[in-house]
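Trainee: I am new to this structure and would like a close look at a single part of it. Please take the side of one chain that touches the other, and follow its elements into the rest of that chain.

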Amino acid sequence: MATTSAPGTEFSDDLSAGFVDAGGDLAPGTGPWKLGWRRLRRNKVALFFGGVFLVIVVLCLLAPVYSQDIAHVSPSLGNITGTIRVGGKTENIVSLTGIPIGPTWDPSHYFLGADTLGRDTAVRLLYGGRNSLEIGAVATLLTMVLALIVGIAAGYFRGIADGVLSRILDIIWAYPVLLLGITLGTVIAVGGIGPIKGSNLLVPAFVIGFVYIPYVAKPVRGQVLQLREREFIDAARQQGLSHARIMFSEIMPNLSSTILVFIPLILANAILLEAALSYLGVGVEPPNPSWGNMIADGLTTIPEAFHNVLVPGLMLVLAVMSINIFGDGLRDALDPRAKVRIAH
Amino acid sequence: MKRYTRPAAAMVLTVIAALVIGACGSSSSSSSSSSSSAGASSGSSSSSGAKGGTVNMVEGVFPQSLDAGDDYTTQGAEINWVTYTGLTTYAHVNGIGGTKLIPGLATALPTITDGGKTYTATLRKGLVFSNGKPVTASDFAYTVERSIKIPWGGSGEFITPVIVGGTAFSTGKAKSVSGITTNNATGKIVIHLVAPYGAFDNVLAEPTLGIVPAGTPFSNQPNHPPPGVGPYVTKNIVPGVSYSSDINPLWAKMNVPGIPAGHVNVNVKVSSNVASNALSVLNNTADIFDWADTIPGSLLPQIQTKAASRYKLVNLGGSTYYIFMNATKKPFSSQLAREAVMTGLNQDAMTRLGAGTLVPACFFLPPAVAGHPTAPCPYGTPGLGNLAKAKALVKQSGMEGQPVTVWSQERAPRQQWMTYYTQFLNQIGFKATQKLIADATYFTTVGELKLHPQTGFADWNQDFTNPVDFYGVLLDGHAILPTNNENFGEVNDPHVNAEVAKLGTIPTTQLQKNASQWQALDEYVAKKAYVAVFGYQKFPFFASDRINYGALVLSPIYGWDLTSFQLK
């Protein structure tokens, strides 16, 4: 995974691009955030997909409402031997040979069909989305916090501290993300982390958050190496500010656009990695739903009941694509000359 | 032998009528006989097919070990019984004929004297290991010692306490097993037992007692298994992924009657995606579907339509699928809690999750084994289960709210069975969570006594058709081992122990006379709810178009007979 960043933030000397992007009708002194917002507003595609992602988040947050008030089933409770009426006919929710019913298109009864355990696919899709998004969000938060601390410290102090921290990051970065995720997920799932049991949703969140630290920390370190040579840092030192104060009050605000650009990138990758780990059985443990483990479960019912693979798969694609497109738009708006990306 | 299930519909009918074989417990292996007649079918390896070539077999889980000294699974036994031949073995035919003991590397079945306590056999002349080294009688003694030391999962029941000096050797108090004497010059082997053990002839047929060279390390050698004597040699092992069974070029010259040479080499590929495995056999990109795996229900219509001439489902009646419940740990230390599971478990649901291949059941001994009860189930006819009554029993037991970890394999439908079981335990008042373990390491993991697993999936396929194979390994308190334990529920009931000790001495040939005593024991165990049996499995007998289907043999003891594989 290669991560590069090129100079050219809103703080660069060349402001003409900003004026051109904003249509050239801005008063002098227009702030970079306002500039960024205007650029983003012009990017209808990014806004659309940002809206799509918001809709997905809201739907998933409303999972308990759908589960209790509309579908009247819980995500874990199955009804393998039950029956329902579809189009006037009584059908088995799960047939005698284990094939679950397909979509009924009735929101109150198996709208998107059932899985092999007779559980409502639509309910599990929404709860699975909650889990996937929650894990993605926690992992992203963990990555950003730890990566910022490590990256800023490494870039600011340089020397031995930078050497040690950079080598640790290199070691983590050397492992393929999926392999490292599987290894950590398997080990931690057995014993948990401290008081947190192995089956807790925080476990995959910690694992995913940990593996992505180098992908943020290294570009942050690169930017800090440049920023620390700037005059305002010298001025802060001469004023007698402490190292911690300089790092987090002077340097960090200058990284805000980088941080904002990285958040959707990491979030998208975290959701994908969580789905991969759950698919492989080392992420979210059953019976908790996740889009990844729903896809894995659904494989056993192809081709007769492929909805259990198609539905969570499409949802995953839509969510990750939305975040990625919105993230690209955000990057273009805040840092038009930047080359920040995460390549696998 | 490990849990596999073996199909034997024809065998069921014959065995119930005239059971003459000791039960062996082995993991799911099934012999196909649902569509064949009840009598012994001819299915021994015929020579009508082409010789040479390679057959590709797909299986859902890697054997526990390709070293027969350690392995106790159906997947391993399927390969090991044609790689490591013992003093005795089984006939290479389908149906009930496949349960008949025949001489293996011995010139004849052992002579039994001294009231059933002394077994004498003579090794055939001219035997060599697959590496060309000559076989001697003392190699047999070494093989027994190795099985004790590793230790093989069944050694605690069938070998260590059974042979004179076995226990002393196992604990390090003796340098060899004093009860075995050998003469390399004459090939004579004499085995003294502590007490008569009716199924000992069958024990000698176990792949773990397939002779290996003296000097082989006393530890599991899964990636470089020792040389054996048999029609096949295991090679090209990629752990967890694949291995091959190649024809042993030295076997045919040894002219061991009743054990044919192989026709083809066999490449085995392991993938836990059994749907993909079934599709590959359907589409003829693989040749043999492992009988121990379950074809997903979603593929059955296609297979039954497109491959009707090369697919059938067989009920061997020699396997039991069950849930173990740890009788020493809460909540299942309470009999009421165990009864709650027996009462409430929806076996109809379990059958559907198994793509309709499960026959609902409640008794531990399956239909093909002497002693299978005919009485009604003590907690109601297996069906939808009584959830309300189960909840009441949990309340009564005082175990409501107890955390429970349900151990589960990963591949379908075992994972789905245990997911449903976990959900059921939560419904009746426990706080259950499911723990998934990779298939290849599942039984080794739950067999670690120090883990004390509370409950989880288990299955057993007969090693031999004597009930002691089920009880002696899985429910006898004396068989509890610190590692490779098979009595997962740590059942240590004095009545069970005493009955197994008494009934285990009855020779295989006299089993029918004493079947009622085994029946009584099985009914006792069902009432005590030590295990929650949820079905007897039917197995797929499924091959590609390339295979000479009529020549295929599915041993009721060991599963696919590789010597029967032939290309058209």
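**The contact side of chain B**

Mentor: In this model, 25 residues of chain B are in contact with 24 residues of chain A (contact means C-beta atoms, placed from the backbone, within 7 Å). The model is predicted, so local features need pLDDT of at least 70 and side-chain atom pairs count only at pLDDT 80 or more, while totals for chains, interfaces and linings use all residues. Residues are numbered from 1 along each chain as its sequence is written, and chains are lettered from A and ligands numbered from 1 in the order in which they are written.

Three elements of chain B, namely α11 (347–353), α13 and β17, each supply at least two residues of the side that touches chain A. Helices (H or I, at least four residues) and strands (E, at least two) are DSSP runs, numbered from the N terminus. The largest share of this side, 5 residues, comes from α13(B). Sorted by class, the side has 10 nonpolar, 12 polar and 3 charged residues. Here Ala, Val, Leu, Ile, Met, Phe, Trp, Tyr, Cys and Pro are nonpolar, Asp, Glu, Lys and Arg are charged, and the others, Gly among them, are polar.

What unit do α13(B) and β17(B) belong to? Together with β16(B), they make a right-handed β-α-β unit, in which α13 covers residues 414–428 of chain B. Right-handed means that, with the strands pointing away from the viewer, the path from the first strand over the helix to the second runs clockwise.

Strand β16 of chain B spans residues 403–409, and 5 of its 7 residues are buried. A residue is buried if 20 or more other C-beta atoms lie within 10 Å of its own, exposed if 12 or fewer, and partly exposed in between. Strand β16(B) runs parallel to β17 (residues 431–437) of chain B and is joined to it by 7 bridges; strands pair if DSSP finds at least two bridges between them. A second parallel partner of β16(B) is β18 (residues 455–461) of chain B, joined to it by 2 bridges. B:Trp407 has a residue opposite it in each of these partners: B:Lys435 in β17(B) and B:Gly456 in β18(B).

Helix α13(B) also has a neighbour in α10 (residues 335–344) of chain B, a mostly covered helix with 8 of its 10 residues buried. The buried residues of α10(B) pack against α13 as well as β14 (319–325), α12 (387–397) and β19 (531–537) of chain B. They include the charged pair B:Arg338 and B:Glu339, along with B:Val341 and B:Met342.

The largest nonpolar core has 182 residues, and B:Ala278, B:Ile323 and B:Ala532 have the most contacts inside it. Such a core is a set of buried Ala, Val, Leu, Ile, Met, Phe, Trp, Tyr and Cys residues joined through C-beta atoms within 7 Å. The helix α13(B), which leads on the contact side, also gives this core its largest share, 7 residues. A second, separate core of 77 residues includes A:Val123, A:Leu142, A:Tyr212 and A:Leu265.

Elsewhere in chain B, 5 strands form an open sheet with mixed pairing, in the order β9-β10-β11-β2-β12. Strands β9 (232–238) and β12 (288–289) of chain B stand at its edges with a single partner each, so one side of each has no neighbour in the sheet. The partner of β12(B) is β2 (residues 54–59) of chain B, which runs parallel to it with 2 bridges; B:Met57 stands opposite B:Ile288 there.

On the other side of the contact, chain A has 14 helices and 2 strands. Of its 344 residues, 44% are buried.

How far can the model be read? Its scores are ipTM 0.73 and pTM 0.75. Chain B has a mean pLDDT of 89, with 91% of its residues at 70 or more, and chain A averages 85, with 86% scoring at least 70. pLDDT is the predictor's confidence in each residue, from 0 to 100. It stays under 50 over residues 4–47 of chain B and over residues 1–24 of chain A.

How values were computed:
Contact = placed C-beta atoms within 7 Å.
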